[in-house]
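I opened the notebook to record what I looked up in this model, entry by entry, with the criteria written beside the values.

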Number of protein chains: 2
Amino acid sequence: MATTRDRQLVEQWRSIQNSYFRTAGAIDRALEAKFDIGLNEFEILDLVAESEESACRMKALGERTPMTQSAVSKVVDRLEKAGLVSRQTCVDDRRSLFLELTEAGRALHSSAAVEHRALLKENLG
Amino acid sequence: MATTRDRQLVEQWRSIQNSYFRTAGAIDRALEAKFDIGLNEFEILDLVAESEESACRMKALGERTPMTQSAVSKVVDRLEKAGLVSRQTCVDDRRSLFLELTEAGRALHSSAAVEHRALLKENLG
DNA sequence: TCAATGTATATGACGCGTCATTGAATGACA
DNA sequence: TGTCATTCAATGACGCGTCATATACATTGA
């Protein structure tokens with residue numbers, strides 16, 4: 001039986017969906033147009049930029065985004081091909097990788113971050 | 001320059017992303033496992049079920065979900081192939097289509113809706 | 001009544017994310 | 001030290017959503 005509570009939940013859910021899709025779509029299109037990277041690429045760039053000092057393992061990224069391990073790997077592929085990030089092998093544990101922003105990556109990130117924040121403000125209020 | 005306001009926005013955004021991905025993922029897997037339909041299929045089924053009396057045009061669906069027109073069309077393809085929905089041509093405007101739940105569609109929807117609501121409650125609190 | 005323009009849906013090429021699996025390195029423990 | 005299980009990351013097959021278009025029908029207005 002469809003309770004009022006149920007309807008509330010469904011409304012709340014649809015509202016989250018809209019919030020998410022509108023915002024993600026807007027940011028994605030803008031970053032694509034101005035910086036030629038997608039939203040997920042930016043998100044990873046952003047995470048790498050954040051953890052700059054304690055050099056950033058792939059593993060750690062996976063824990064900070066809802067993306068799959070394999071998605072992260074492919075996003076990093078693209079970022080690396082675009083020359084924005086570089087994978088550094090890790091001596092302590094040779095299964096692991098560290099990620100570093102290249103100069104180009106750092107530059108692009110700081111411009112793109114401005115746009116990103118602006119669009120968040122616009123869309124999330 | 002990275003203001004506190006910016007950090008707040010980014011936090012808020014990540015929280016929405018997590019909410020969305022965790023919830024969508026959980027529902028999608030559950031529906032897939034128990035009813036063999038994905039989340040988007042269910043969402044469309046749900047919308048069709050809602051507007052049952054004022055027969056439901058494709059067009060109207062597009063306005064009620066963040067999905068693309070073309071995505072909706074393909075979701076409906078799958079639902080139709082699965083025998084859950086049928087497309088009825090519209091006499092007034094032969095470009096349009098009405099959607100109807102089949103018996104199987106109605107049955108599946110009412111079971112799946114229970115699961116759906118339960119998972120929303122669990123994930124959105 | 002006949003363009004020209006607009007609207008409702010379908011379709012194909014394409015990119016990306018996911019799942020399952022693989023390969024390589026590590027750890028645990030007898 | 002030698003197995004066996006575990007962990008990190010990469011890869012290939014696959015499904016789905018998107019964009020740009022196509023197709024069919026409708027509407028407008030001269």
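The entries below run from conventions to the DNA surface, the chain symmetry, the core and one arginine.

**Conventions.** I am working with a predicted model, in which local features need pLDDT of at least 70 and side-chain atom pairs count only at pLDDT 80 or more, while totals for chains, interfaces and linings use all residues. Residues are numbered from 1 along each chain as its sequence is written, chains are lettered from A and ligands numbered from 1 in the order in which they are written, and side-chain values use heavy atoms, with hydrogens and water left out.

**DNA strand D.** I first asked which residues come nearest to DNA strand D. Of the 20 residues around the strand, these are A:Lys59, A:Arg87, B:Asn40, B:Lys74 and B:Arg78, where near requires a heavy atom of the residue within 4 Å. Of the atoms of DNA strand D that come within 4 Å of the protein, 64% belong to sugar and phosphate.

I then looked at phosphate oxygens of DNA strand D, taking a polar contact as a pair of N or O atoms within 3.5 Å. One lies 2.3 Å from a side-chain N or O atom of B:Asn40, and for the side chain of B:Arg78 the corresponding distance is 2.7 Å. At A:Lys59 the partner is a polar backbone atom, 2.6 Å from a phosphate oxygen.

Helices here are DSSP runs (H or I, at least four residues), numbered from the N terminus. Those giving two or more residues to this surface are H3 (58-64) and H4 (69-81) of chain A and H4 (69-81) of chain B, and H4(B) gives the most, with five residues.

**Symmetry.** I superposed chain A on chain B by least squares on C-alpha atoms of residues with pLDDT of at least 70 in both, and found a rotation of 180 degrees with 0.0 Å of shift along its axis, at an RMSD of 0.1 Å. This is the relation of a two-fold axis. The same surface serves both copies, since 100% of the contact residues of chain A recur in chain B; contact means heavy atoms within 4.5 Å.

**A:Ile44.** Not counting residues up to four places away in sequence, A:Ile44 touches A:Leu61, A:Thr65, A:Met67, A:Val72, A:Val75, A:Val76 and A:Leu79.

**A:Arg29.** Is this residue of helix H1 (residues 4-35) of chain A buried or exposed? A:Arg29 counts as exposed because its relative accessibility is 59%, the cut-off being over 50% (1.4 Å probe, protein chains only). Its C-alpha atom is 16 Å from that of A:His109, 80 residues apart along the chain.

Notes. A polar contact is a pair of N or O atoms within 3.5 Å; within protein, one must be able to donate a hydrogen and the other to accept it, and residues adjacent in sequence count only if both atoms are side-chain atoms. Buried means under 20% relative accessible area, exposed over 50%, partly exposed in between (1.4 Å probe, protein chains only).
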